[in-house]
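These are my notebook entries on a single protein chain. I record what I looked up, entry by entry.

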Amino acid sequence: MRKNAAAVCAPGSQEVQQMVREQYTATTEGTHIERPENQNVYKIGIYGWRKRCLYLFVLLLLIVLVVNFALTIWILKVMWFSPTGMGHMSVARDGLRLEGESEFLFPLYAKEIRSRVDSSLLLQSTQNVTVNARNLAGEVTGRLKVGPKMVEVQNQQFQINSKDGKPLFTVDEKEVVVGTDKLRVTGPGGALFEHSVETPLVRADPFEDLRLESPTRSLSMDAPRGVHIYALAGKIKALSQMDIIFQSSDGMLVLDAETVCLPTLVQGTQGAAGSPQELYEICVCPDGKLYLSAAGVSTTCQEHSQICL
């Protein structure tokens with residue numbers, strides 16, 4: 001019985017010694033003792049096909065980044081990007097500055113467009129060039145349209161000024177005002193007016209004829225203080241298919257010339273005795289007044305000269 005008890009207690013004493021030995025070696029530096037492997041340890045990480053897919057995704061992402069970087073560099077080089085702008089366009093303190101020719105595919109909104117001091121401003125289009133002015137509500141208040149066949153201006157008033165600010169030409173719904181000292185029409189057909197024209201002077205160029213004509217209607221010249229017609233180096237000619245009437249209601253008709261000629265005046269003949277036909281002769285007073293006198297064998301103007309008194 002004792003032997004069996006001793007045999008049973010022997011293993012317990014070995015376990016105690018083993019535990020003491022492990023505690024001693026754990027607190028002692030520089031000692032290394034192989035420990036038995038634990039079968040319940042799990043591995044942490046990505047392995048197998050998942051790992052290969054992850055590497056492939058990272059590689060594709062790296063390729064995309066390289067391509068995007070290369071395209072960005074190419075775009076910057078092609079578009080001529082710089083710290084001050086892009087290509088011929090530079091950003092200044094007072095706006096944008098464009099060098100050379102610029103093409104706009106869509107409407108351009110700007111407060112002011114001007115060229116350089118040493119060059120002109122050119123606006124060019126294959127169809128038309130339209131400039132609109134809008135109010136705060138977005139409504140068009142003024143429009144300038146330059147087309148292939150017509151230049152159209154839409155506004156309440158159109159005005160052209162000189163460099164000094166003097167109005168040269170003004171147009172509105174009521175009237176057209178020419179502010180220059182002289183209006184010259186150089187066309188071979190002259191100027192055509194459908195209604196009346198008000199002007200203080202109508203004059204032709206030197207050594208040119210002045211012609212006032214109404215082909216199918218009448219021509220009327222009215223002035224409250226008189227109508228003056230001058231030909232300083234030529235003659236005045238009035239032609240009419242019918243009658244030419246000079247009428248003065250309160251005054252007189254004055255022909256002031258050295259010679260008054262009536263070349264195609266009909267010359268009458270004496271009729272038979274007792275005929276109702278009577279002939280008259282035109283007599284002229286010293287002051288130029290004309291009067292009729294019954295014709296006789298000789299002149300009868302002296303007999304009726306009391307009219308001149």
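**Entry 1: the strand pair β1 and β2**

I began with β1 and strand β2 (residues 85-86), which run antiparallel and are joined by 2 bridges. I noted that Ser-82 stands opposite Gly-85 in β2. I keep in mind throughout that the model is a predicted one.

**Entry 2: the rest of that sheet**

I then followed β2 onward and found that β2 pairs with β3 over 2 bridges, in the antiparallel sense. Opposite Met-86 stands Met-89 in β3. β2 and β3 form a hairpin with 2 residues between them, and Gly-87 in the turn has a positive phi of about 60°.

From β3 I went on to β4. These two strands run antiparallel and are joined by 4 bridges. For Ala-92, I recorded Gly-95 in β4 as the bridge partner. β3 and β4 also form a hairpin, with 2 residues between them.

In which order do the 4 strands of the open sheet stand? I wrote down β1-β2-β3-β4, with antiparallel pairing. The edge strands are β1 (81-82) and β4, as each pairs on one side only. As a reminder to myself, strands of a sheet pair through backbone hydrogen bonds, either parallel or antiparallel.

**Entry 3: the second largest pocket**

Next I looked up the second largest pocket, which holds about 2,200 Å³ of space. Its lining is made up of 41 residues. Those nearest the centre of the pocket are Phe-104, Leu-108, Ile-113, Leu-121 and Leu-123.

Which strand gives the most to the lining of this pocket? I found that β5 does, with 6 residues. At least two lining residues come from each of β3 (89-92), β4 (95-98) and β5 (129-134). Two of these strands, β3 and β4, I had already met in the open sheet.

I sorted the lining by residue type as well. It divides into 19 nonpolar, 12 polar and 10 charged residues.

**Entry 4: the hairpin of β11 and β12**

I moved along the chain to β11 and β12, which run antiparallel with 5 bridges joining them. Their hairpin has 5 residues between the strands, and Gly-288 takes a positive phi near 95° there. In β12, Tyr-291 is the bridge partner of Cys-283.

I also compared the two faces of β12. Tyr-291 and Ser-293 make up the covered face, whereas Leu-290, Leu-292 and Ala-294 make up the uncovered one.

**Entry 5: the disulfides**

How many disulfides does a search of the whole structure find? The search gives 2. I recall that a disulfide is a covalent bond between the sulfur atoms of two cysteines.

One disulfide joins Cys-283 to Cys-301, with an S to S distance of 1.8 Å. This link is left-handed, with -80° about the S-S bond. Cys-283 lies in strand β11 (residues 280-284) and Cys-301 in the segment after β12, so the disulfide ties together parts that are 18 residues apart in sequence. Is this pair buried or exposed? Cys-283 is buried, with a relative accessible area of 2%, and Cys-301 also counts as buried at 16%.

Another disulfide joins Cys-285 to Cys-308, again with 1.8 Å from S to S. It links distant parts of the chain, as Cys-285 is in the loop between β11 and β12 while Cys-308 is in the segment after β12, 23 residues away. The link of Cys-285 and Cys-308 is left-handed, with -80° about the S-S bond. Cys-285 is buried, with a relative accessible area of 4%. Cys-308, however, is partly exposed, with a relative accessible area of 24%.

With bonded cysteines counted along the chain, I wrote the pattern of the disulfides as 1-3, 2-4. I looked up Cys-53 too, and noted it as partly exposed, with a relative accessible area of 45%.

**Entry 6: Thr-300**

My last entry concerns Thr-300, which has its place in the segment after β12 (290-294). Why does Thr-300 count as buried? Its relative accessible area is 9%, and buried means under 20%, so Thr-300 falls in that class.

Leaving aside neighbours within four places in sequence, I found Thr-300 in contact with Glu-281, Ser-293, Ala-294 and Ala-295. Of these, Ser-293 belongs to the covered face of β12 and Ala-294 to the uncovered one.

Note on methods:
Residues are numbered from 1 along each chain as its sequence is written. This is a predicted model: local features need pLDDT of at least 70, side-chain atom pairs count only at pLDDT 80 or more; totals for chains, interfaces and linings use all residues. Side-chain values use heavy atoms; hydrogens and water are left out. On a 1 Å grid over the protein atoms alone, a cavity is a set of points where a 1.4 Å probe fits but cannot get out, and a pocket is an open set with protein on both sides within 12 Å along at least five of seven lines; lining residues have an atom within 4 Å of a point. Grid points are joined across faces, edges and corners, and a volume is the space filled by probe spheres set on the points. Ala, Val, Leu, Ile, Met, Phe, Trp, Tyr, Cys and Pro count as nonpolar, Asp, Glu, Lys and Arg as charged, and the others, Gly among them, as polar. Two strands pair if DSSP finds at least two bridges between them. Buried means under 20% relative accessible area, exposed over 50%, partly exposed in between (1.4 Å probe, protein chains only). Contact means heavy atoms within 4.5 Å. A disulfide is a pair of cysteine sulfur atoms within 2.5 Å.
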